Amino acid sequence: MKRLNPPPRLLMGPGPINCYPRVLSAMSTQLIGQYDPVMTGYMNEVMQLYRQVFNTENTATLLIDGTSRAGIEAVLVSCIEPGDKVLVPVFGRFGHLLQEIAERAGAEVHTIEVPWGQVFSPDQVEDAIKKIRPKVLAMVQGDTSTTMLQPLQQLGEICRRYDVLFYSDATASIGGNPFETDQWQLDAVSVGLQKCLGGPSGSAPITLSERYVELVRKRHHVEAGIRSEHHENGSASRIRSNYFDIPMILDYWGEERLNHHTEATSMLYCARECAINLLEEGQANCIARHALHGNAMAQGASGLNLRLFGDQKHKMNNVVGVYIPENVNGEQIRSQLLNDFNIEIGTSFGPLHGKIWRLGTMGYNARKDAVLHTLQSLETVLRRAGHKLSPGEAIDNALEVYQSA
Ligand SMILES: Cc1ncc(COP(=O)(O)O)c(C=O)c1O
């Protein structure tokens, strides 16, 4: 086999995206033992850093090893006992994923839906909570499949009023859009690195409120091989996954340092670097950067005579959806962009598959040159495929956004 030598792609889809170079070099840092005080020191630093990323005081702020859905699964499987009611408002593919994971955890899942391209009003969610009386509200913040950003600000207060645990999957939105765990009264949040945080997939930072931790502690059952006399079983049922058993994972990340899995050291290095990178730039600056380049991409796409998809008032900063023009073959355009220009853009899933393209501007790729290269290349490919457009308008539109910023 040949040496590993991937082509130098520019990843301008909905994620993953190219890593920040400093994150890549963190990943190739030498390993140390999992109980080395330097390593446990790094684990503590990661907890501290992600409290700032999530804007929370939650002690229980840590990493789940695995891609973003590992974080989702850990949060849900640890708090859902079979038969518990869970409400999932679905506005795209990832709402269906929350539904699927909650169902597999044994929940009685209730969904409400809006058409893809829209988001829910607080009243719609409150009405459903009143009717269903769920134990958990599980909701995506930024659903990359539709590019929509669900406002969460008012939902935490509603959840508290009805004694509902409030969980959000902010994988695709954190770092590029505002997220306030404590202010919005969330009980659990999970994310991933491969979007606006600018890292590889493979680590899922999570944060958990005291209320959430108290609840899952009742399900604490330490596995036999590492159990001591002082470990007592919780009063509630044992969590159905060992790997995603949050009380045991908390024992590992907490003072007891009770062994659970072997922490994925290289991914922890990456997660640490992603957080430092974000905090050094400043969260507000990073969000503003995503808004600027996202807007330049959207205006540029309009200049290509492409119609923007979805409710633009609720668009994520970091990804824009555009309808694929009827007179071109969407997959052919994507493959020409990839093969001739080394640029990757995305299509979507389910009802939007083959109907929209998704153009991402996130993390390391939320940059002027990346936006301009993508627009210029897309213009060439579209023009040659016979799509009607005014040459130069896309770049002019984008440059206008930059000039007026
Ligand atoms: C909102 C959201 N949730 C979950 C996921 C799943 O992430 P992963 O593929 O890292 O498990 C994604 C991935 O695109 C996502 O955008």
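## Strand β3 and its partner β4

Pro89 stands opposite Ile112 in strand β4. The model in which this pairing appears is a predicted one. From β3 to β4 the chain passes through helix α4, residues 93-104, and the resulting β-α-β crossover is right-handed.

The two strands, β3 and β4 (residues 108-113), run parallel and are joined by six bridges. Another residue pair on this side is Leu87 with His110, its bridge partner in β4.

## The β5 side

Strand β3 also pairs with β5, which covers residues 136-140. This pairing is again parallel, and two bridges make it up. Leu87 takes part here too: its bridge partner in β5 is Leu137. Leu87 thus has a partner in β4, His110, and a partner in β5, Leu137.

How is β3 placed with respect to the rest of the structure? The strand spans residues 85-90, and five of its six residues are buried, so β3 is largely enclosed by the rest of the structure. As for side-chain direction, side chains in a regular strand alternate between the two faces of the sheet.

## Overall fold

The protein contains 13 helices and 13 strands. Its radius of gyration is 22 Å, close to the 22 Å that the globule rule gives for 405 residues, so the protein is as compact as a globular protein of that length. The C-alpha trace extends over about 75 × 55 × 40 Å along the principal axes.

Of the 405 residues in the protein, 51% are buried. Contacts are counted here at a separation of 6 or more, and 73% of them link residues 24 or more positions apart.

## Surroundings of the ligand

Which residues are closest to the ligand? They are Thr67, Ser68, Arg69, Thr171 and Ala172, out of 13 residues that surround the ligand. By residue type, the shell around the ligand consists of seven polar, three charged and three nonpolar residues.

Methods
Residues numbered from 1 in each chain as written. Predicted model: local features only at pLDDT ≥ 70, side-chain atom pairs only at ≥ 80, totals over all residues. Helix = DSSP H or I, 4+ residues; strand = E, 2+ residues; numbered from the N terminus. Rg over C-alpha atoms; globule rule 2.2 N^0.38 Å. Buried ≥ 20, exposed ≤ 12 C-beta atoms within 10 Å, placed from the backbone. Contact = placed C-beta atoms within 7 Å. Pairing = 2+ DSSP bridges. Right-handed = clockwise from strand over helix to strand, strands pointing away. Near = placed C-beta within 6 Å. Nonpolar A, V, L, I, M, F, W, Y, C, P; charged D, E, K, R; others polar.
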